[in-house]
Amino acid sequence: ADTLAPGSSFRWQRENWRWHRPIDPALSGFEREWQILNQDMIIERITQKTAGFGMMRRFAKMDEQWMLIYYSAMNPVKSS
């Protein structure tokens with residue numbers, strides 16, 4: 001697998017995109033939370049609080065379709 005040097009950035013390319021599979025909170029121990037910012041933008045947070053890991057995805061409505069505009073992969077998260 002490719003790794004990034006600390007401080008470097010990465011942008012997904014169509015050629016290496018992998019589809020995300022649905023997460024079943026009842027089976028995985030993960031919790032899913034949606035935050036509606038306005039009629040055209042939402043945030044999805046998926047966390048596994050006991051392990052202290054989570055991810056975030058932001059979606060925006062563009063041309064009447066919901067598009068993924070930001071993705072933060074599974075990382076350690078602070079408990080709230």
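These exercises walk through the strands of a predicted model, each with a worked solution.

**Exercise 1. Trace how β1, β2, β3 and β4 are paired.**

Step 1. Begin with strand β1, which covers residues 31-38. β1 pairs with β2 in the antiparallel sense, over seven bridges. One residue pair to look for is Asn38 opposite Met41 in β2.

Step 2. Move on to β2, residues 41-48. β2 and β3 run antiparallel and are joined by eight bridges. Here Glu44 stands opposite Arg57 in β3. Thr47 likewise faces a partner in β3, namely Gly54.

Step 3. Finish with β3, residues 53-62, and β4, residues 65-76. These two strands are antiparallel as well, with nine bridges. Arg58 has Tyr70 in β4 as its bridge partner.

**Exercise 2. Find how many residues lie between the strands of each hairpin, and which of them take a positive phi.**

Step 1. From β1 to β2, the hairpin passes through two residues.

Step 2. Between β2 and β3 there are four residues. Gly52 takes a positive phi there, near 75°.

Step 3. The hairpin of β3 and β4 has two residues between its strands. In this turn Asp63 has a positive phi of about 50°.

**Exercise 3. Decide whether β2 is largely enclosed or largely open, then place Gln48 in the picture.**

Step 1. Count the buried residues of β2. Six of the eight are buried, so the strand is largely enclosed by the rest of the structure.

Step 2. Turn to Gln48, which is found in β2. Its relative accessibility is 15%. The cut-off for buried is under 20%, so Gln48 counts as buried.

Step 3. List its contacts, leaving aside neighbours within four places in sequence. Gln48 is in contact with Ser28, Gly29, Phe30 and Phe53.

Step 4. Look closer at Gly29. Its backbone oxygen lies 3.5 Å from a polar atom of the Gln48 side chain.

**Exercise 4. Work out whether Phe59 is buried or exposed, and which residues surround it.**

Step 1. Locate Phe59 in strand β3.

Step 2. Check its accessibility. At 17% relative accessibility, Phe59 counts as buried, because the cut-off is under 20%.

Step 3. Gather the contacts, not counting residues up to four places away in sequence. Phe59 touches Trp34, Asp40, Met41, Ile42 and Glu44. It also touches Trp66, Met67, Leu68 and Ile69.

Step 4. Compare sequence and space for one of these. Phe59 and Ile69 are ten residues apart along the chain, yet their C-alpha atoms are separated by 5.5 Å.

**Exercise 5. Identify the residues of the nonpolar surface patch and the strand that gives the most to it.**

Step 1. Name the members: Met62, Met67, Ile69 and Tyr70. Together they have about 340 Å² of accessible area.

Step 2. Assign them to strands. β4 gives the most, with three residues. Met62 has its place in β3.

Step 3. Classify Met62. Its relative accessibility is 41%, so Met62 counts as partly exposed.

Step 4. Link back to the earlier exercises. Tyr70 of the patch is the bridge partner of Arg58. Met67 and Ile69 also appear among the contacts of Phe59.

Definitions and conventions: Residues are numbered from 1 along each chain as its sequence is written. This is a predicted model: local features need pLDDT of at least 70, side-chain atom pairs count only at pLDDT 80 or more; totals for chains, interfaces and linings use all residues. Side-chain values use heavy atoms; hydrogens and water are left out. Buried means under 20% relative accessible area, exposed over 50%, partly exposed in between (1.4 Å probe, protein chains only). A polar contact is a pair of N or O atoms within 3.5 Å; within protein, one must be able to donate a hydrogen and the other to accept it, and residues adjacent in sequence count only if both atoms are side-chain atoms. Contact means heavy atoms within 4.5 Å. Patches are made of residues with over 30% relative accessible area and no salt bridge: like charges are joined within 9 Å, nonpolar side chains (Val, Leu, Ile, Met, Phe, Trp, Tyr) within 5 Å. Accessible areas come from the Shrake-Rupley method with a 1.4 Å probe; for residues, only the protein chains shown count as cover. A salt bridge is a side-chain nitrogen of Lys or Arg within 4 Å of a carboxyl oxygen of Asp or Glu. Two strands pair if DSSP finds at least two bridges between them.
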